[in-house]
Structure formats: structure tokens, C-alpha cells
Amino acid sequence: MLNICFVSTEVAPYSKTGGLGDVTEGLPEELAKMGHTVCTVAPRYDQYKDAWDTEILQQVKYGNETTKVRYFHSCKKGVDRIWVDHHVYLAKTPLVNKKLYGPKASVDYVDNSERFAMLSQAALAVPLLVPLGPHGGKGPMGEDIIFVCNDWHTALLPMYLKEYYQAHGTFLNAKAVMLLHNIAFQGRFPMSKFDALNLPEKYLPDLSFSTQFAPPPLDEKTTEPITAREPMLMLNWLKAGFLNCDKVLTVSPNFAKEVTSTPADGVELDAIAKAVGLTGITNGTKVETWNPQKDKYIPTKYDAQTMGSGKKLCKAALQQECGLEVDPDIPLFGFIGRLENQKGADVIIAAMSKLEKLNCQVIVLGTGSPKLEEQLESIGDKYPFAKGVARFDIELAHLITAGTDYCLMPSRFEPCGLNQLYAMMYGTIPVVAPVGGLVDTVPPQFGFLMDKIPMPDMPGVAISQEMLEQGVDAMIVGMKKALEEYGTPKFDKMRLMCMANDVSWKKPAAKYVDVFEELMGSKV
Ligand code: ADP
């Protein structure tokens, strides 16, 4: 059996801004069910009710300062959840799900480099110091361990592992895996931040990165022509993580291919990703949380047998809640996600005048870009068939998942995507862009593909009006295919096929174990 330690800035339901939190909730639980010893280490952003103070302290570096973190501990569903307590996490984020990375959307905290470098250092001490089990009754995890570093925030861990521990004879059999959830965020910082990382000079080449583009994420505020920029040398945590870990994984096979294909798709890390090699394992879902038979947020629970009537009631409740005409026969599309260009939320908003002619309803729930939030809030005023809700609302997300006919995902890129998987469990048919994990998870029997939503060749470039309109037409291609089948026997069959599809963590978790066992040399 394996010892696995996930290190992450998000663990749902404690802290979540997107799919990362969902994965670090569900995958560890499934691995624990299989009998492996699994813990997660994440910042203690809030006073989690179920977490006790272990009173264990560890000295770490916060930039150039030496400081101490304290570990809190919860234990649920066989997984030890270790929380790193330090005022730089707690003071900034008194409310879970908010402000994990910056004071507002698209703005980072100035000390993110120090905060997250400290997290990796704190996490490395956990398997040596913190006893596991419901009351800390078992011993610590020990040295034969796999660290799973999630995204750029934890990409320094492989280097701290080598320098702070393995060089001194500790963790000699430990492995560090990088699990990539999104290539658009890479941990790019000015070179001047290197000294505060507390790593030897020899890592400077691995961390150095020349970019000609504006730092991602894609940002509609960028108006400068990108070719006018001089190449700029920056630190890139993800690049160094790729080069120093034992294995790079990502959240779908198709995304693994895309990332290595062009500078635009790989956000300039394509060549490095190709050199190290990426293995894609499609995400699963936590079937206990997303299950129409048990969902506490929906007015009527339903299964495959009662799906017809169940969904009808949920749809009526949703239409009412959103102030739309309550009509079971109007096809209803729903979108849930970050309001960023990645997700194509701008495309949906720009499509309104064309969607008006399709005789359908559209509900959009999301937060993110202030400009898109503002536009979203007002779409209902002009277009009575549409409703935009600019807040993070888990309850409404569940009602949308159950009450809509179609799950709309016009993503420009999508490492895996989770909403299409949740939708399928509720008999809601995905209508998705042909990118990333959406291709792997939505074959023709389960949903409809749009045309590709165009995006600039270079990251950071603004999306032109022309490109936006092309995106609108590409999305409508998929919506029209879906509408042609609405209410037909094929539509009903697809809904049932979706519900019968196993999107649980069971199969993905077994694939992770294969990879981990091979790494640890324990594969029989
Ligand atoms: P991401 O790229 O953001 O990680 P995913 O599709 O992988 O995208 O996961 C997004 C997760 O966040 C889903 O569980 C989705 O339901 C949830 N989510 C996103 N925005 C909202 C919101 N405004 N309200 C409620 N849940 C949201």
C-alpha cells in the first residue's frame, strides 16, 4: 500500500475556487477507500470547525524571514487533512472560497511567492512530524512517500525535497509528482524574487524563463500589440517543477497532447512539457456530492427511472428562481464557471442577440473578470430569455446542474472540466467546445460538440471583436445540433446514457495507483 501526500492551495469543501479543490477532495478519498494512506496539506484559510490544533510547530522561511507554522488536523472519510496555520493565510482570507490568491479577481497578493514557497516547506515536514488518524493516534506517514504537487503554487516542492531533505539523507525513496490542472497559471515572478525562495543558485537556470508575451491568464485588459515587447526574463515555478519532479501528470489525455503542441496551447511551456513528457488521467467526480438521488440542494431527488418528472420539477424551480418564464418545453442551457476568457463566458454574453432567435433559455452563473460580471448582471434586463448571476453560489450551481437540459461549455481551453461530468450524472446533456478533457469526456453518445472557439495565437493578446463573433458562431453550431434533438427519442436516450456513464473517481484513482506504484518500484 502507498503513502500519498497531496499538497495544494485548495481542498473542497474547505477552500475552493475551481476544479483543483474538487480534485483534492475526491481523489484522496477514493485512494483511501482503496486502502492507501493519504493526506492532504493545504493552508488554513479559516477556522475549520472540525480541525484540531496539533500544537506541532515547524520552522520555515517566509521570504527572507524565518518563521514558524503550526499544523491543524481534520480526519474525514479516511483522509487526513492537514492545515498549515500561519497568519499570512488566515488574515487574508477570513471567508472560505474567497480571496485565496488575491484581494480581488485578476489581482494577486504581493506576497504570493513567499506564501506558497512557505506552503511547500511546511508540507515537506508533515510526513515526519504529524501523527495521522482520527485523533492523531497513528504515527506520522514516514519517509517512503509520494508527494503530489498541484499546480504552480506547489511547484517548488521537488527542489526543497532534494535540497533540504534528500541531500541530508532523508526521504531518499520519496517521489515528487507534479499534477497540472491548468497551464495558464505558471507562477511567473520577477527575477528579483529568486533570493527569497531560499534555493541554491544551481536552480536558477531551471527557474529562468524567457517570455515575449504578457503573463497569463489571458486578459482582456491587455491592449498592447504583443510583438512590440522585448523578450523578458522571469522566474517560472511550473517550469522548474516540471524539470525537477519525478513525473508530470495532468487531468486528461487530450490536454496532455495539447499542452505539448504549440506555444499558444502550452502557454510557452510546450517545449518543456514535451521534453519531460505528460501523462493525462481524466478527472473523476465525487459521486456523493454530485448525485441527483441524494442532492440536498434540489427540490426533488431523482434517478434514471424518475428522471423525466424529477428534472421537470427542478427545471420549473430553476426557471422560477431565475425569473425566467416557467415552461417545461423551452430548452434550457446552463453555464457555471469562472468568468474568464478561458471558459468562453464572454462568448455567451456576446451571443445574446443571436440566441434570442433560437427559442431557448440561458442561465449563466459565474464570478471573475469585473467587466464580464458587470455585463452578466444586466443581460436579463435586455434579454428576458436569459439570466446572469455573478456570484459564487454552490446551491444554485446544483439547481442549474439538475434543472437545465443542456450544460454549455464554450471553453477556449479546458484541461479537464468538471461541470460536464456533473451534468451527465443529472441527465443534463453537455454541449461543449472540442478542446482538452471535453473531447475525452463527451463522445457523441453523451453530448454535442461546438466548433472550436478561436483564441489568439499568443497568450495575453486581447480577443478581437471579429474573433469574438467567430466564437459566437462556433458555439451556436453546437447549440443548434443540440436543439435539433430536443425532446426527441434520441434526446431521452442520451440523457439516460449520460446518467449511466461512470464518472466516479474509481477508474481514474486506479490509474493514479498504477503510475504511483511504477514510480515507487512496487508494481508487481
Ligand atoms: P476550473 O478551471 O475553474 O477549475 P472546473 O470545471 O474544473 O473549472 O471546475 C469548476 C468548479 O467550480 C465546478 O465544481 C463548478 O461547479 C464550480 N464553480 C465555478 N464557478 C462557480 C460559481 N460561480 N458558483 C458555484 N460553483 C462554481
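Helices here are DSSP runs of H or I with at least four residues, numbered from the N terminus. With that naming in hand, the pocket can be described; note that the model is a predicted one.

The second largest pocket has a volume of about 290 Å³. Its lining is made up of 16 residues, and those nearest the pocket centre are T282, N283, T441, D502 and V503. Who supplies the wall? At least two lining residues come from each of α14 (419-425), α15 (436-441) and α18 (506-520). The top contributor to this lining is α18, with three residues. Sorted by class, the lining of the second largest pocket is a mix of seven nonpolar, five polar and four charged residues.

Next comes a pair of packed helices. Two such helices are described by the angle between their axes and the distance between the axes. For α4 (residues 157-165) and α6 (residues 237-244), the angle is about 55° and the axes are 8 Å apart. That angle is why α4 counts as oblique to α6. On the α4 side the contact involves P158, M159 and K162, which meet A240, G241 and N244 of α6. The residues of this contact split into three nonpolar, two polar and one charged.

Finally, the aromatic rings. Searching the whole structure turns up 20 aromatic pairs. One of them joins Y14 and W83 in a tilted arrangement, with 4.5 Å from centre to centre and 55° between the planes. Y14 sits in the loop between β1 (3-7) and α1 (19-33), while W83 belongs to strand β5 (residues 79-85), so this pair ties together parts that are 69 residues apart in sequence.

How values were computed. Residues are numbered from 1 along each chain as its sequence is written. This is a predicted model: local features need pLDDT of at least 70, side-chain atom pairs count only at pLDDT 80 or more; totals for chains, interfaces and linings use all residues. Side-chain values use heavy atoms; hydrogens and water are left out. Axes are lines fitted to C-alpha atoms, for helices over the stretch in contact, and angles run from 0 to 180 degrees between N-to-C directions. Angles under 35 degrees count as roughly parallel, over 145 as roughly antiparallel, 65 to 115 as roughly perpendicular and the rest as oblique. Contact means heavy atoms within 4.5 Å. Ala, Val, Leu, Ile, Met, Phe, Trp, Tyr, Cys and Pro count as nonpolar, Asp, Glu, Lys and Arg as charged, and the others, Gly among them, as polar. On a 1 Å grid over the protein atoms alone, a cavity is a set of points where a 1.4 Å probe fits but cannot get out, and a pocket is an open set with protein on both sides within 12 Å along at least five of seven lines; lining residues have an atom within 4 Å of a point. Grid points are joined across faces, edges and corners, and a volume is the space filled by probe spheres set on the points. Rings of Phe, Tyr and Trp (its six-membered ring) pair if their centres lie within 6.5 Å; planes under 30 degrees apart count as stacked, over 60 as edge-to-face and the rest as tilted.
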